[in-house]
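Trainee: Before I accept any label attached to a structure, I would like to hear the reasoning behind it. Could we go through this one together?

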Amino acid sequence: MADTYTPPVTGTGVKATIQRIGGYLAGMIMPNIGAFIAFGLITALFIPTGWLPNEDFAKLVSPIISTLLPILIGYTGGRMVHGQRGAVVGAVATVGLIVGATIPMFLGAMIIGPLAAYVLKLVDGFTEDRTKAGFEMLVDNFTAGIVGGAMALLGAWGIGPIVKVVTDAAGDAVGWLIANNLLPAASLLIEPAKVLFLNNAINHGVLGPLGVAEAARTGQSILFMLESNPGPGLGLLLAFMFFGPRAMRPSTPAAIIIHFFGGIHEIYFPYVLMKPRLILAVIAGGAVGIFTFMITGSGLVAPPSPGSIFAYLTVTPRGGWLGMGAGILLATAASFIVAALLLGFGRGEKKEEEAEKEEVASA
(Lines give C-alpha, C1' and ligand atoms only; values in the text may rest on other atoms or scores of the structure.)
Protein backbone atom coordinates (compact mmCIF):
# COMPACT_ATOMS: atom_id res chain seq x y z
CA MET A 1 0.00 0.00 0.00
CA ALA A 2 2.90 2.34 0.69
CA ASP A 3 4.08 1.99 -2.89
CA THR A 4 0.82 3.54 -4.06
CA TYR A 5 1.79 6.85 -2.49
CA THR A 6 5.57 6.73 -2.31
CA PRO A 7 8.13 5.76 -4.96
CA PRO A 8 9.55 2.23 -4.56
CA VAL A 9 13.05 1.98 -3.12
CA THR A 10 15.62 -0.28 -4.77
CA GLY A 11 19.02 -1.42 -3.61
CA THR A 12 20.46 -2.45 -0.27
CA GLY A 13 22.51 -0.88 2.46
CA VAL A 14 21.92 1.73 5.12
CA LYS A 15 20.70 4.42 2.72
CA ALA A 16 18.09 2.16 1.12
CA THR A 17 16.98 0.92 4.54
CA ILE A 18 16.48 4.47 5.80
CA GLN A 19 14.56 5.33 2.62
CA ARG A 20 12.32 2.29 3.05
CA ILE A 21 11.58 3.21 6.66
CA GLY A 22 10.87 6.80 5.65
CA GLY A 23 8.68 5.64 2.77
CA TYR A 24 6.78 3.36 5.11
CA LEU A 25 6.18 6.18 7.59
CA ALA A 26 5.12 8.48 4.76
CA GLY A 27 2.81 5.73 3.50
CA MET A 28 0.84 6.02 6.75
CA ILE A 29 0.38 9.76 6.24
CA MET A 30 -0.09 10.26 2.50
CA PRO A 31 -3.44 8.40 2.20
CA ASN A 32 -4.78 10.71 4.91
CA ILE A 33 -3.60 14.01 3.43
CA GLY A 34 -7.23 14.90 2.67
CA ALA A 35 -7.97 14.78 6.40
CA PHE A 36 -4.97 17.01 7.10
CA ILE A 37 -6.20 19.48 4.48
CA ALA A 38 -9.69 19.46 6.03
CA PHE A 39 -8.10 20.15 9.41
CA GLY A 40 -6.03 22.94 7.90
CA LEU A 41 -9.01 24.62 6.28
CA ILE A 42 -11.14 24.44 9.43
CA THR A 43 -8.28 25.77 11.54
CA ALA A 44 -7.38 28.60 9.17
CA LEU A 45 -10.99 29.70 8.84
CA PHE A 46 -12.71 29.28 12.19
CA ILE A 47 -10.27 29.58 15.11
CA PRO A 48 -10.36 32.94 16.94
CA THR A 49 -7.45 34.27 14.87
CA GLY A 50 -8.78 32.78 11.61
CA TRP A 51 -10.46 34.46 8.65
CA LEU A 52 -14.03 33.65 9.70
CA PRO A 53 -13.93 33.14 13.48
CA ASN A 54 -16.74 30.87 14.62
CA GLU A 55 -16.87 29.46 18.13
CA ASP A 56 -19.01 26.46 17.21
CA PHE A 57 -17.02 25.44 14.13
CA ALA A 58 -13.73 25.98 15.99
CA LYS A 59 -14.72 23.15 18.34
CA LEU A 60 -13.93 20.75 15.49
CA VAL A 61 -10.21 21.58 15.61
CA SER A 62 -9.23 19.80 18.83
CA PRO A 63 -11.06 16.48 18.18
CA ILE A 64 -9.66 16.29 14.65
CA ILE A 65 -6.02 16.80 15.61
CA SER A 66 -6.06 14.88 18.89
CA THR A 67 -8.38 11.99 17.96
CA LEU A 68 -9.30 11.63 14.28
CA LEU A 69 -5.87 12.11 12.69
CA PRO A 70 -3.97 9.74 15.03
CA ILE A 71 -6.66 7.07 14.59
CA LEU A 72 -6.48 7.40 10.81
CA ILE A 73 -2.70 7.04 10.95
CA GLY A 74 -2.90 4.00 13.21
CA TYR A 75 -5.63 2.50 11.00
CA THR A 76 -3.58 3.01 7.83
CA GLY A 77 -0.40 1.63 9.42
CA GLY A 78 -2.27 -1.46 10.57
CA ARG A 79 -3.78 -1.96 7.12
CA MET A 80 -0.34 -1.82 5.52
CA VAL A 81 0.81 -4.71 7.73
CA HIS A 82 -2.22 -7.01 7.90
CA GLY A 83 -5.06 -5.78 5.73
CA GLN A 84 -8.45 -4.85 7.14
CA ARG A 85 -8.04 -6.85 10.34
CA GLY A 86 -4.75 -5.10 10.99
CA ALA A 87 -6.39 -1.76 10.30
CA VAL A 88 -9.08 -2.37 12.91
CA VAL A 89 -6.70 -3.41 15.69
CA GLY A 90 -4.36 -0.57 14.73
CA ALA A 91 -7.18 1.93 15.22
CA VAL A 92 -8.24 0.37 18.52
CA ALA A 93 -4.68 0.35 19.82
CA THR A 94 -4.25 4.01 18.86
CA VAL A 95 -7.15 4.96 21.12
CA GLY A 96 -5.07 3.78 24.05
CA LEU A 97 -2.46 6.37 23.16
CA ILE A 98 -4.99 9.15 22.81
CA VAL A 99 -6.63 8.68 26.20
CA GLY A 100 -4.92 10.95 28.66
CA ALA A 101 -2.46 12.35 26.11
CA THR A 102 -1.78 16.07 26.23
CA ILE A 103 -0.25 16.23 22.73
CA PRO A 104 -1.40 14.84 19.36
CA MET A 105 -0.09 11.26 19.24
CA PHE A 106 0.96 11.14 15.59
CA LEU A 107 4.34 9.58 16.33
CA GLY A 108 2.83 7.08 18.74
CA ALA A 109 0.17 6.12 16.17
CA MET A 110 2.89 5.43 13.59
CA ILE A 111 4.43 3.00 16.09
CA ILE A 112 1.48 1.23 17.66
CA GLY A 113 -0.72 0.86 14.57
CA PRO A 114 1.71 -1.36 12.62
CA LEU A 115 2.86 -3.05 15.84
CA ALA A 116 -0.67 -4.09 16.80
CA ALA A 117 -1.30 -5.38 13.28
CA TYR A 118 1.94 -7.37 13.33
CA VAL A 119 1.00 -8.99 16.65
CA LEU A 120 -2.40 -9.94 15.20
CA LYS A 121 -0.66 -11.33 12.11
CA LEU A 122 1.44 -13.60 14.34
CA VAL A 123 -1.64 -14.68 16.27
CA ASP A 124 -3.53 -15.41 13.05
CA GLY A 125 -0.61 -17.49 11.81
CA PHE A 126 -0.73 -19.53 15.01
CA THR A 127 -4.51 -20.10 15.07
CA GLU A 128 -5.10 -20.56 11.34
CA ASP A 129 -4.27 -24.28 11.21
CA ARG A 130 -5.57 -24.98 14.70
CA THR A 131 -9.11 -23.67 14.31
CA LYS A 132 -11.81 -26.25 13.62
CA ALA A 133 -14.16 -25.74 10.70
CA GLY A 134 -17.13 -23.56 11.59
CA PHE A 135 -15.30 -21.65 14.32
CA GLU A 136 -13.23 -19.41 12.06
CA MET A 137 -15.34 -16.26 12.49
CA LEU A 138 -15.60 -16.72 16.24
CA VAL A 139 -11.85 -17.16 16.64
CA ASP A 140 -11.02 -14.31 14.27
CA ASN A 141 -13.31 -11.87 16.07
CA PHE A 142 -12.07 -12.79 19.53
CA THR A 143 -8.39 -12.73 18.62
CA ALA A 144 -8.80 -9.30 17.01
CA GLY A 145 -10.67 -8.03 20.05
CA ILE A 146 -8.14 -9.41 22.52
CA VAL A 147 -5.12 -8.13 20.59
CA GLY A 148 -6.73 -4.72 20.00
CA GLY A 149 -7.69 -4.35 23.66
CA ALA A 150 -4.30 -5.50 24.92
CA MET A 151 -2.44 -3.15 22.57
CA ALA A 152 -4.70 -0.26 23.63
CA LEU A 153 -3.65 -0.91 27.24
CA LEU A 154 -0.01 -1.08 26.16
CA GLY A 155 -0.43 2.21 24.37
CA ALA A 156 -1.93 3.89 27.42
CA TRP A 157 0.56 2.45 29.92
CA GLY A 158 3.69 1.95 27.83
CA ILE A 159 4.09 3.59 24.44
CA GLY A 160 2.22 6.78 25.33
CA PRO A 161 4.48 7.62 28.29
CA ILE A 162 7.57 6.78 26.19
CA VAL A 163 6.48 9.21 23.47
CA LYS A 164 5.89 11.82 26.19
CA VAL A 165 9.44 11.30 27.52
CA VAL A 166 10.85 11.74 24.01
CA THR A 167 8.79 14.89 23.56
CA ASP A 168 9.88 16.34 26.90
CA ALA A 169 13.52 15.55 26.12
CA ALA A 170 13.31 17.35 22.78
CA GLY A 171 11.71 20.33 24.48
CA ASP A 172 14.39 20.43 27.18
CA ALA A 173 17.14 20.30 24.56
CA VAL A 174 15.60 23.22 22.67
CA GLY A 175 15.29 25.13 25.92
CA TRP A 176 18.99 24.56 26.65
CA LEU A 177 19.99 25.95 23.24
CA ILE A 178 17.85 29.02 23.85
CA ALA A 179 19.31 29.55 27.30
CA ASN A 180 22.84 29.38 25.88
CA ASN A 181 22.13 31.81 23.00
CA LEU A 182 22.57 29.16 20.31
CA LEU A 183 19.35 29.95 18.49
CA PRO A 184 20.36 29.02 14.89
CA ALA A 185 21.59 25.64 16.18
CA ALA A 186 18.11 25.05 17.60
CA SER A 187 17.06 24.07 14.08
CA LEU A 188 19.13 20.90 14.50
CA LEU A 189 16.53 19.79 17.03
CA ILE A 190 13.41 21.69 16.03
CA GLU A 191 13.20 20.57 12.40
CA PRO A 192 13.70 16.81 12.98
CA ALA A 193 11.27 16.98 15.89
CA LYS A 194 8.71 18.74 13.69
CA VAL A 195 8.94 16.00 11.05
CA LEU A 196 8.17 13.46 13.78
CA PHE A 197 5.03 15.50 14.57
CA LEU A 198 6.41 16.90 17.82
CA ASN A 199 6.01 20.47 16.56
CA ASN A 200 3.06 21.35 18.77
CA ALA A 201 4.78 20.03 21.88
CA ILE A 202 7.93 22.09 21.22
CA ASN A 203 6.07 25.21 20.15
CA HIS A 204 3.35 25.29 22.79
CA GLY A 205 5.27 23.48 25.53
CA VAL A 206 8.62 25.29 25.35
CA LEU A 207 8.88 28.15 22.87
CA GLY A 208 5.42 29.61 23.46
CA PRO A 209 5.69 30.14 27.24
CA LEU A 210 9.24 31.48 26.96
CA GLY A 211 8.19 33.79 24.14
CA VAL A 212 5.22 35.14 26.10
CA ALA A 213 7.48 35.97 29.03
CA GLU A 214 10.00 37.74 26.78
CA ALA A 215 7.29 39.64 24.89
CA ALA A 216 5.87 40.86 28.19
CA ARG A 217 9.28 42.38 29.00
CA THR A 218 10.39 43.71 25.61
CA GLY A 219 7.21 43.92 23.53
CA GLN A 220 8.23 41.19 21.09
CA SER A 221 10.02 37.85 20.99
CA ILE A 222 12.01 35.96 18.36
CA LEU A 223 11.09 32.70 20.11
CA PHE A 224 7.66 32.80 18.46
CA MET A 225 9.46 32.52 15.09
CA LEU A 226 11.73 29.51 15.66
CA GLU A 227 9.29 26.69 14.98
CA SER A 228 6.53 28.53 13.17
CA ASN A 229 8.57 29.96 10.25
CA PRO A 230 6.82 28.71 7.08
CA GLY A 231 9.92 29.33 4.96
CA PRO A 232 11.74 25.97 5.37
CA GLY A 233 8.65 23.97 4.51
CA LEU A 234 7.79 26.21 1.58
CA GLY A 235 11.28 25.81 0.09
CA LEU A 236 11.10 22.04 0.47
CA LEU A 237 7.69 21.81 -1.21
CA LEU A 238 8.82 24.05 -4.08
CA ALA A 239 11.83 21.79 -4.63
CA PHE A 240 9.55 18.77 -4.60
CA MET A 241 7.22 20.41 -7.11
CA PHE A 242 10.05 20.97 -9.60
CA PHE A 243 12.49 18.15 -8.90
CA GLY A 244 10.72 15.52 -6.78
CA PRO A 245 9.31 12.16 -7.89
CA ARG A 246 6.90 12.80 -10.74
CA ALA A 247 4.16 10.82 -9.03
CA MET A 248 4.31 13.24 -6.10
CA ARG A 249 4.56 16.55 -7.96
CA PRO A 250 0.80 17.02 -8.59
CA SER A 251 0.13 16.95 -4.82
CA THR A 252 2.55 19.76 -3.97
CA PRO A 253 0.62 22.87 -5.13
CA ALA A 254 -2.25 22.12 -2.75
CA ALA A 255 0.25 21.32 0.00
CA ILE A 256 1.98 24.67 -0.59
CA ILE A 257 -1.31 26.55 -0.22
CA ILE A 258 -2.27 24.71 2.97
CA HIS A 259 1.23 25.12 4.42
CA PHE A 260 2.11 28.71 3.54
CA PHE A 261 -1.31 30.36 3.55
CA GLY A 262 -3.12 28.00 5.94
CA GLY A 263 -0.22 27.57 8.34
CA ILE A 264 -0.57 23.79 8.68
CA HIS A 265 3.05 22.64 8.62
CA GLU A 266 2.16 18.97 9.11
CA ILE A 267 1.34 18.86 5.41
CA TYR A 268 5.02 18.78 4.39
CA PHE A 269 6.26 16.26 6.97
CA PRO A 270 5.45 13.19 4.82
CA TYR A 271 7.58 14.59 2.01
CA VAL A 272 10.60 14.60 4.33
CA LEU A 273 9.79 11.15 5.70
CA MET A 274 9.68 9.86 2.14
CA LYS A 275 13.27 10.99 1.51
CA PRO A 276 14.85 11.40 4.97
CA ARG A 277 17.99 13.13 3.64
CA LEU A 278 15.79 16.16 2.94
CA ILE A 279 15.79 16.87 6.66
CA LEU A 280 19.06 18.67 5.92
CA ALA A 281 17.15 21.10 3.70
CA VAL A 282 14.66 22.18 6.35
CA ILE A 283 17.42 22.36 8.97
CA ALA A 284 19.36 24.70 6.68
CA GLY A 285 16.26 26.77 5.99
CA GLY A 286 15.40 26.99 9.67
CA ALA A 287 18.93 28.02 10.68
CA VAL A 288 19.15 30.69 7.95
CA GLY A 289 15.74 32.04 8.92
CA ILE A 290 16.62 32.25 12.61
CA PHE A 291 19.97 33.92 11.86
CA THR A 292 18.20 36.48 9.66
CA PHE A 293 15.65 37.20 12.37
CA MET A 294 18.50 37.70 14.85
CA ILE A 295 20.56 40.16 12.79
CA THR A 296 17.47 42.17 11.81
CA GLY A 297 16.18 42.30 15.38
CA SER A 298 12.89 40.70 14.35
CA GLY A 299 10.26 39.40 16.70
CA LEU A 300 6.53 38.85 17.04
CA VAL A 301 4.19 40.23 19.66
CA ALA A 302 2.30 36.95 20.03
CA PRO A 303 2.41 33.38 18.74
CA PRO A 304 1.36 33.15 15.04
CA SER A 305 -1.53 30.72 15.16
CA PRO A 306 -1.56 28.94 12.82
CA GLY A 307 1.94 29.46 11.40
CA SER A 308 0.88 31.04 8.09
CA ILE A 309 2.14 34.14 6.34
CA PHE A 310 -1.13 35.88 7.20
CA ALA A 311 -0.72 35.10 10.90
CA TYR A 312 2.84 36.42 10.72
CA LEU A 313 1.67 39.68 9.20
CA THR A 314 -0.95 40.02 11.92
CA VAL A 315 1.40 39.66 14.90
CA THR A 316 4.44 41.48 13.49
CA PRO A 317 5.04 44.79 15.32
CA ARG A 318 4.96 48.02 13.35
CA GLY A 319 8.17 48.48 11.40
CA GLY A 320 9.16 44.84 11.68
CA TRP A 321 7.75 43.52 8.40
CA LEU A 322 11.02 43.88 6.47
CA GLY A 323 13.04 41.70 8.85
CA MET A 324 10.20 39.20 9.16
CA GLY A 325 9.80 38.95 5.39
CA ALA A 326 13.56 38.62 4.86
CA GLY A 327 13.75 35.77 7.36
CA ILE A 328 10.95 33.84 5.66
CA LEU A 329 12.27 34.55 2.16
CA LEU A 330 15.87 33.54 2.91
CA ALA A 331 14.72 30.45 4.81
CA THR A 332 12.66 29.47 1.76
CA ALA A 333 15.62 30.03 -0.57
CA ALA A 334 18.05 28.05 1.60
CA SER A 335 15.65 25.14 1.99
CA PHE A 336 14.86 25.12 -1.73
CA ILE A 337 18.51 25.17 -2.82
CA VAL A 338 19.59 22.39 -0.44
CA ALA A 339 16.54 20.26 -1.28
CA ALA A 340 17.09 20.75 -5.01
CA LEU A 341 20.71 19.65 -4.62
CA LEU A 342 19.69 16.59 -2.61
CA LEU A 343 17.08 15.72 -5.24
CA GLY A 344 19.71 16.06 -7.96
CA PHE A 345 17.65 18.72 -9.74
CA GLY A 346 15.39 15.93 -11.02
CA ARG A 347 18.16 14.02 -12.81
CA GLY A 348 17.28 10.82 -10.97
CA GLU A 349 13.69 11.07 -12.16
CA LYS A 350 14.84 11.48 -15.78
CA LYS A 351 17.01 8.37 -15.52
CA GLU A 352 14.09 6.37 -14.13
CA GLU A 353 11.85 7.56 -16.98
CA GLU A 354 14.46 6.58 -19.57
CA ALA A 355 14.82 3.15 -17.96
CA GLU A 356 11.03 2.66 -18.03
CA LYS A 357 10.91 3.67 -21.72
CA GLU A 358 13.66 1.17 -22.54
CA GLU A 359 11.76 -1.58 -20.72
CA VAL A 360 8.58 -0.78 -22.64
CA ALA A 361 10.46 -0.70 -25.96
CA SER A 362 12.15 -4.02 -25.29
CA ALA A 363 8.83 -5.60 -24.32
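**Reasons behind the labels**

Mentor: The secondary structure of this protein comes to 16 helices and 0 strands, and you should keep in mind from the start that the model is predicted.

Trainee: How much of the protein is buried?

Mentor: Buried residues make up 50% of its 363 residues, while the accessible surface comes to about 17,000 Å², of which 69% belongs to carbon and sulfur atoms.

Trainee: Why is Ile328 called buried?

Mentor: Ile328, which sits in helix α15 (residues 321–342), has a relative accessible area of 5%, and because buried means under 20%, the label applies. Leaving aside neighbours within four places in sequence, Ile328 is in contact with Asn229, Pro230, Gly231, Phe260, Phe293, Ile309 and Tyr312. Its C-alpha atom is also separated by 9.1 Å from that of Ile290, which is 38 residues away along the chain.

Trainee: What makes Val282 a buried residue?

Mentor: Val282, found in helix α13, has a relative accessible area of 0%, which is under the 20% limit, and therefore it counts as buried. Not counting residues up to four places away in sequence, Val282 touches Glu191, Pro232, Leu236, Tyr268 and Ser335. One of these, Pro232, is 50 residues apart from Val282 in sequence, yet the two C-alpha atoms are 4.9 Å apart in space.

Trainee: Lys275 carries the same kind of label, so why is Lys275 called buried?

Mentor: The value for Lys275 is 15% relative accessibility, and because the limit for buried is under 20%, Lys275 falls within that class. Lys275 lies in the loop between α12 (269–274) and α13 (279–295), where it touches Phe240, Pro245 and Leu343, not counting residues up to four places away in sequence.

Trainee: Which residues of helix α8 are buried?

Mentor: In helix α8 (residues 187–195), they are Ser187, Ile190, Glu191, Ala193, Lys194 and Val195. Take Ala193 as the worked case: its relative accessible area is 7%, and because this is under 20%, Ala193 is buried. Ala193 touches Leu198, Asn199 and Ile202, with residues up to four places away in sequence not counted, and its C-alpha atom is separated by 8.3 Å from that of Thr167, 26 residues away along the chain. After α8 comes Phe197, whose phi is positive, near 65°.

Trainee: How do you know that Asp124 and Arg85 form a salt bridge?

Mentor: Their closest N and O atoms are 2.9 Å apart, and because a salt bridge needs a side-chain nitrogen of Lys or Arg within 4 Å of a carboxyl oxygen of Asp or Glu, the pair qualifies. The pair links distant parts of the chain, with Asp124 in helix α6 (residues 106–127) and Arg85 in helix α5, 39 residues apart. Asp124 is buried, because its 13% relative accessibility is under 20%, whereas Arg85, at 25%, counts as partly exposed because that class lies between 20% and 50%.

Trainee: How many salt bridges does the structure hold?

Mentor: The structure holds 2 salt bridges. Besides the pair just described, the side chains of Lys59 and Asp56 meet at 4.0 Å, N to O, and both of these residues are exposed.

Trainee: How do you know that helix α5 is not straight from end to end?

Mentor: Helix α5 (residues 61–98) has 38 residues, and a straight helix would reach 56 Å at 1.5 Å a residue, but the end C-alpha atoms of α5 are only 15 Å apart. The helix bends by about 145° at His82.

Trainee: Which residues form the nonpolar patch on the surface?

Mentor: The patch is formed by Trp51, Leu52, Ile257, Phe261, Phe310, Leu313 and Trp321, with about 730 Å² of accessible area together. Helices α11 (252–261) and α14 (309–315) each supply at least two of its residues.

Trainee: Why is Phe310 called partly exposed?

Mentor: Phe310, in helix α14, has 31% relative accessibility, and because partly exposed covers the range between 20% and 50%, Phe310 belongs there.

Methods
Residues numbered from 1 in each chain as written. Predicted model: local features only at pLDDT ≥ 70, side-chain atom pairs only at ≥ 80, totals over all residues. Heavy atoms only, no water. Helix = DSSP H or I, 4+ residues; strand = E, 2+ residues; numbered from the N terminus. Expected span 1.5 Å × (residues − 1). Bend = angle between axes of the 7 residues up to and from the residue. Buried < 20%, exposed > 50% of the residue type's maximum accessible area, 1.4 Å probe, protein only. Contact = heavy atoms within 4.5 Å. Patch = residues over 30% accessible without salt bridge, like charges linked within 9 Å, V, L, I, M, F, W, Y side chains within 5 Å. Areas by Shrake-Rupley, 256 points an atom, 1.4 Å probe, with all protein chains shown as cover.
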